Amino acid sequence: MFLPEGIKRLVMDESCQVDDIGMSEASVLLFGDKVLKVQEQNEEAENEYGMMRYLQGKLPVPTILAHETVGGKSYLLMRRCPGQMACAHEYMTDPVTQCRMLADGLKRLWSTDISDCPFDQRLIHKLEQARYNVEHGLVDLDNVEPDTFGEKGFRDSEALLQWLYDNRPQEEPVLSHGDFCLPNIFGAGETVTGYIDLGKTGIADKWCDIALCYRSLSHNYSGRYHGTDAYADLDDMRLFRELGIEPDWEKIRYYILLDELF
Ligand SMILES: Nc1ncnc2c1ncn2[C@@H]1O[C@H](COP(=O)(O)OP(=O)(O)OP(=O)(O)O)[C@@H](O)[C@H]1O
Ligand SMILES: [Mg+2]
C-alpha cells in the first residue's frame, strides 16, 4: 500500500496486521504500538482528525503521531489504545464489568465541556446529512434492522426521513461519540482507556450514544458477530442501572432509526 514518506519513516521496519473489524471503507493497519487509519478524505475523516486533536488531554483518545492528506486520502497515525475492545471475549463474559465500563465511557463524555467543541452533530445537521444520503442513494439498505422497512416498518428511506423530521425529540446536548458501538470503545476493567473512530463525534443529544450503545450490546449478545447464540443472555436494563437513569425507549428507537440513514 502507498504510504506518504513522513508516515513511512515513523513505521519503518515495523510489521503490521490489517484489521478487519470495521465496516467502513477505511483501512486500518495495526503496528506494534501504533495504528494507521487510511480513509477517503471527506467530512468524516476531517471530523475524526479534528475531534481527536481537540480531545487530546481531555479524554482518553489515541495520541496523534502524524496526519497527512495525499491523493484524496487521509492518513492518521496514532498510538494503539491500551486495554481491549468492549466486545472482547473477556467483556462479553463479564457483563457487569462491561456495562460499568460503558457507563463510565458515556458519563465521561457527558461531563466534558462542550462550550468550544468544533463539531456540531445535532439533529438540524444530522437530518440534512441524512437527506443528502437518501437523495444520493447512499443508504445501505442491506445493513438495517429487520423491522425498519417492509411490512412492519417504513415504506422506504424517504418515508423514514420524513418521520424523523416530524418526530424530532427535545435534545439534551452533550459531547457525543456518534458511533458508540462496542468495537469503538476500549477499556481496562471498569475504566475506559480509549475512544476511537471519531468521525461522527461532536455535540449531540445524549440519547444518541445511549441508543447506539444499547443496539450494539443487543447485536453482540445475539450472536450476530460471534456465532450462533454465543452470548445469549443480555440483561436489557443493566446499562441503565449503571447509568442511573430510566430508559427512554422512544428516544432510543428514534436514534436507532436515524442511524439507518447513515
Ligand atoms: N488507536 C487504536 N488502538 C487500537 N485499536 C485500534 C485503534 N484504531 C483502530 N483500531 C482497531 O481497528 C478497528 C477499526 O478502526 P475504526 O473503528 O477506527 O475504523 P472503522 O471501524 O473501519 O470505521 P467504521 O466504524 O466507521 O466502520 C477498531 O475497532 C479497532 O479494533
Ligand atoms: Mg469502528
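This is a tour of a predicted model, stop by stop. Residues are numbered from 1 along each chain as its sequence is written, and chains are lettered from A and ligands numbered from 1 in the order of writing. Local features need pLDDT of at least 70, side-chain atom pairs count only at pLDDT 80 or more, totals for chains, interfaces and linings use all residues, and side-chain values use heavy atoms, with hydrogens and water left out.

**Stop 1: the magnesium ion**

Select ligand 2, the magnesium ion, whose protein donors are Asn-184 (OD1) and Asp-197 (OD), lying 2.2 Å from it. Asn-184 sits in the loop between strand 7 (173-176) and strand 8 (185-188), and Asp-197 in the loop between strand 9 (191-195) and strand 10 (202-205), so the pair ties together parts 13 residues apart in sequence. Donors here are N, O and S atoms within 2.8 Å of the metal (3.2 Å for Na, K and Ca); water is not among the atoms, so sites may look incomplete. Helices (H or I, at least four residues) and strands (E, at least two) are DSSP runs, numbered from the N terminus.

Colour the two donors by accessibility. Asn-184, at 5% relative accessibility, counts as buried, while Asp-197, at 26%, counts as partly exposed. Buried means under 20% relative accessible area, exposed over 50%, and partly exposed in between (1.4 Å probe, protein chains only).

**Stop 2: Thr-193**

Go to Thr-193 in strand 9. Its side chain reaches the backbone oxygen of Pro-82 at 2.7 Å. Leaving out residues up to four places away in sequence, Thr-193 touches Pro-60, Pro-82, Gly-83, Phe-186, Gly-187 and Ala-188; contact means heavy atoms within 4.5 Å.

**Stop 3: helices 4 and 7**

Show residues 95-110 (helix 4) and 206-221 (helix 7), which pack at about 160° with axes 11 Å apart. Axes are lines fitted to C-alpha atoms, for helices over the stretch in contact, and angles run from 0 to 180 degrees between N-to-C directions. The two helices are therefore roughly antiparallel (over 145 degrees). From helix 4, the residues at the interface include Leu-102, Leu-106 and Trp-110; from helix 7, they include Ile-210, Cys-213 and Tyr-221.

**Stop 4: helix 6**

Select residues 157-166, helix 6, where Ser-157, Ala-159, Leu-160, Leu-161, Leu-164 and Tyr-165 are buried. Add helix 5 (123-135) and helix 9 (249-259), which are among the parts covering those residues.

**Stop 5: Asp-13**

Finish at Asp-13, in the loop between helix 1 (5-11) and strand 1 (17-18). At 79% relative accessibility, Asp-13 counts as exposed. Draw a distance from its C-alpha atom to that of Glu-172, 159 residues apart along the chain: the separation is 48 Å.

Conventions: A polar contact is a pair of N or O atoms within 3.5 Å; within protein, one must be able to donate a hydrogen and the other to accept it, and residues adjacent in sequence count only if both atoms are side-chain atoms. Angles under 35 degrees count as roughly parallel, over 145 as roughly antiparallel, 65 to 115 as roughly perpendicular and the rest as oblique.
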